[in-house]
Amino acid sequence: MRAFRTLQLMRLPDTRHTARLWIASHVPPGSALFVHPAHGRANTFLTRYHLRNLIGNPFETTVAIASLIFGGVLDRLPDLDLCFAHGGGYACLGAARLDQGRQVRDEAHSSSLPSEYLRKLYFDT
């Protein structure tokens with residue numbers, strides 16, 4: 001088991017350039033960043049049965065992971081330790097779909113397959 005000195009990020013900055021700069025300037029070397037969504041987009045339409053939490057938070061976690069992969073943040077900050085809430089959302093379950101998207105969609109670009117990045121990330125349980 002690995003212990004982390006962590007910062008918690010409730011929402012990633014909106015653009016990949018801003019995210020890279022924010023992480024590089026706010027995360028001390030040797031730290032890990034714990035990513036947990038707050039005030040998600042799904043809150044506006046998942047209002048019944050506590051679905052904003054049950055479905056919305058894992059959705060937001062998945063969006064954060066995919067955005068860091070396809071936005072090039074993980075390539076530019078390869079030594080950054082990231083831990084994601086909600087078991088990584090649906091990213092691990094959808095790894096093959098993310099890989100397929102990278103192979104067939106120009107806008108879903110990364111230097112490695114998304115499933116390879118997922119092996120380097122940490123997830124809470």
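Here are a few questions and answers about this predicted model.

User: In what order do the elements of the protein chain run from the N terminus on?

Analyst: Let's start with what there is to arrange: the protein chain has 5 helices and 4 strands. Now read them off from the N terminus, with α for a helix and β for a strand, and you get β-α-β-α-α-β-α-α-β.

User: What share of the residues in the protein chain is buried?

Analyst: A residue goes in the buried group if its relative accessible area is under 20%. The protein chain has 125 residues to sort this way. The buried share comes to 42%.

User: Which residue forms a salt bridge with Glu107, and is that partner exposed or partly exposed?

Analyst: The count here is 1 salt bridge. It pairs Glu107 with Arg105, and their closest N and O atoms are 2.7 Å apart, so the pair falls within the 4 Å cut-off. Glu107 has a relative accessible area of 57%, which is over 50%, so Glu107 is exposed. Arg105 has 46%, between the 20% and 50% limits, so the partner, Arg105, is partly exposed.

User: How many charged residues are in the lining of the second largest pocket?

Analyst: This pocket has a volume of about 160 Å³. Its lining includes Leu74, Pro78 and Tyr117, along with Asp75, Asp79, Asp81 and Lys120. Asp and Lys count as charged, while Leu, Pro and Tyr count as nonpolar. By class, the lining has 6 nonpolar residues and no polar ones, and the charged residues number 4.

How values were computed:
Residues numbered from 1 in each chain as written. Predicted model: local features only at pLDDT ≥ 70, side-chain atom pairs only at ≥ 80, totals over all residues. Heavy atoms only, no water. Salt bridge = Lys/Arg side-chain N within 4 Å of Asp/Glu carboxyl O. Buried < 20%, exposed > 50% of the residue type's maximum accessible area, 1.4 Å probe, protein only. Helix = DSSP H or I, 4+ residues; strand = E, 2+ residues; numbered from the N terminus. 1 Å grid on protein atoms, 1.4 Å probe; cavity = no way out; pocket = protein on both sides within 12 Å on 5 of 7 lines; lining within 4 Å. Points joined across faces, edges and corners; volume = space filled by probe spheres on them.
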